[in-house]
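Work through the following exercises with the sequence and the model at hand. Each task is followed by a solution that proceeds step by step.

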Amino acid sequence: MLLKTYRTTFLLELSTIYDAQEIESFFYLILECFHNKKRIDLALGPNMEMDAMQLLRWESVLAELKKEKPIQYILGETEFYGLPFLVNVNTLIPRPETEELVEWIIKSTNYEIQSTKLRILDIGTGSGCIAISLAKNIPNAEVSAIDVSEKALATAKKNAEINKIVVNFINVDILKINDLAELPTSNFQLPTQFDIIVSNPPYVRNLEKAEIKPNVLEYEPHLALFVEDTDALLFYRKIANLAKENLSENGQLFFEINQYLGKETVELLEDLGFKNIELKKDIYGNDRMIRSTR
């Protein structure tokens, strides 16, 4: 079958579930993953064919998309900050807003004039997208990353290997740690003070579930998404308290946050004595990230 012919069927089959632009993006992601071809290749080679086995693979993906399973989980991969990442149901799918957070951190480091290692800790690393992207783009970074999920860390370790980056991954529940000096180490000597601590912790309240699309609600790990309505800033409070003790003088704390709780998160940091607190909006105009200094 000609790929251009199948494209018509593919778009039609999904048209009642997704908008046309999203279906187009699915088609070309699969085209690149399965055939190592891009949109321009199909335009220049309209008679490109696929055999019965390839058609079967496309039909399998189509069936999963009809169930609103995220395309990243179906293909098992995505791109973040220009780097390839494996993803699965044990890890959140990295989002553009988090790329903005990474960009903000990189621009804040002044690593070009740093003569010593920048010690960075990523808390709740998931796929490792933040930690690995920072390690890849800050030449003098010494990066450690924490997650409560062993399965998520297994994926993060594979992603570090794929991107040829060294990150010290640690399996621990951050809520059960009273001092970062308690963190377990293997063959890596963990610093007691960090220059940067960053976290994109669970921040979606249960009351906000009605706003969540089925492809997120039904497939992405709730452990990494949701917090109780009664204590939505649980992780922020815990991490900020740890940062008070384990950030170097003038060290920076970065958070990705719940867009509805920007004011409350700023007040939390103010109450804990952090300075130079800056609340930043994402590309969609939502309060999404905070930077503060010890």
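**Exercise 1. Arginine 291 and its partners**

Which side chains are joined to the side chain of arginine 291 by a polar contact of 2.6 Å?

Solution. Begin with the location: in this predicted model, arginine 291 belongs to strand β11, which covers residues 287–293. A polar contact of 2.6 Å links the side chain of arginine 291 to that of serine 108, and another polar contact, also given as 2.6 Å, links the side chain of arginine 291 to that of glutamate 278. Next, widen the view to every residue that arginine 291 touches beyond four places in sequence: these are Trp104, Ser108, Gln252, Leu253, Phe254, Asn276, Ile277 and Glu278. Two of these names, Trp104 and Ser108, are also found among the buried residues of α6.

**Exercise 2. The neighbouring position in β11**

Determine whether serine 292 is buried or exposed, and list what serine 292 touches.

Solution. Serine 292 is likewise placed in strand β11. Its relative accessible area is 0%, and because the cut-off for buried is under 20%, serine 292 is classed as buried. Once residues up to four places away in sequence are set aside, serine 292 touches Gly251, Gln252, Leu253, Leu269, Phe274, Lys275, Asn276 and Ile277.

**Exercise 3. The span and burial of α6**

Check whether the end-to-end distance of helix α6 agrees or disagrees with its number of residues, and then establish how many of its residues are buried.

Solution. Helix α6 runs over residues 96–109 and has 14 residues. The expected span is 1.5 Å times one less than the number of residues, so the helix should span 20 Å, and the 21 Å between its end C-alpha atoms agrees with this. Turning to burial, 10 of the 14 residues are buried, so that the helix is mostly covered; among them are Glu97, Glu100, Leu101, Val102, Ile105 and Ile106. Finally, look just past the end of the helix, where asparagine 110 takes a positive phi of about 50 degrees.

**Exercise 4. Threonine 98 within α6**

What does threonine 98 contact outside its own sequence neighbourhood, and which side chain does its side chain meet in a polar contact?

Solution. Threonine 98 has its place in helix α6 and, at 4% relative accessibility, counts as buried. When neighbours within four places in sequence are left aside, the contacts of threonine 98 are Phe80, Ile130, Asn200 and Glu256. With glutamate 256 there is a side-chain to side-chain polar contact of 2.7 Å. A C-alpha to C-alpha comparison adds a further relation, since threonine 98 and arginine 288 are 8.9 Å apart in space while 190 residues separate them in sequence.

**Exercise 5. Two helix pairs**

Describe the packing of α6 with α7 and of α2 with α4, giving for each the angle, the axis distance and the residues that meet.

Solution. Two packed helices are described by the angle between their axes and the distance between the axes. For α6 and helix α7 (residues 129–137), the angle is about 35 degrees and the axes are 10 Å apart, with the crossing being right-handed. Here Thr98, Leu101, Val102, Ile105 and Ile106 of α6 meet Ile130, Ser133, Leu134 and Asn137 of α7; by class this contact has 6 nonpolar, 3 polar and no charged residues.

For helix α2 (residues 20–35) and helix α4 (residues 52–66), the axes come within 12 Å and cross at roughly 140 degrees, and this crossing is also right-handed. From α2, the residues Phe26, Phe27, Ile30, Leu31, Phe34 and His35 meet Gln54, Arg57, Trp58, Val61 and Leu65 from α4, and the residues of this contact divide into 8 nonpolar, 2 polar and 1 charged.

**Exercise 6. Positive phi outside glycine**

Where do glutamate 68 and asparagine 250 lie, and how exposed is each of them?

Solution. Most residues other than glycine have a negative phi. Glutamate 68, although not a glycine, has a positive phi of about 65 degrees; glutamate 68 lies in the loop between α4 and α5 and is partly exposed, with a relative accessible area of 27%. Asparagine 250, also not a glycine, has a positive phi of about 70 degrees, but asparagine 250 lies in strand β9 (residues 247–256) and is partly exposed at a relative accessible area of 47%.

Definitions and conventions:
Residues numbered from 1 in each chain as written. Predicted model: local features only at pLDDT ≥ 70, side-chain atom pairs only at ≥ 80, totals over all residues. Heavy atoms only, no water. Helix = DSSP H or I, 4+ residues; strand = E, 2+ residues; numbered from the N terminus. Buried < 20%, exposed > 50% of the residue type's maximum accessible area, 1.4 Å probe, protein only. Contact = heavy atoms within 4.5 Å. Polar contact = N/O pair within 3.5 Å; in protein donor to acceptor, adjacent residues only side chain to side chain. Axes fitted to C-alpha atoms, helices over the stretch in contact; angles between N-to-C directions. Left-handed = near helix turned anticlockwise from the far one by under 90°. Nonpolar A, V, L, I, M, F, W, Y, C, P; charged D, E, K, R; others polar.
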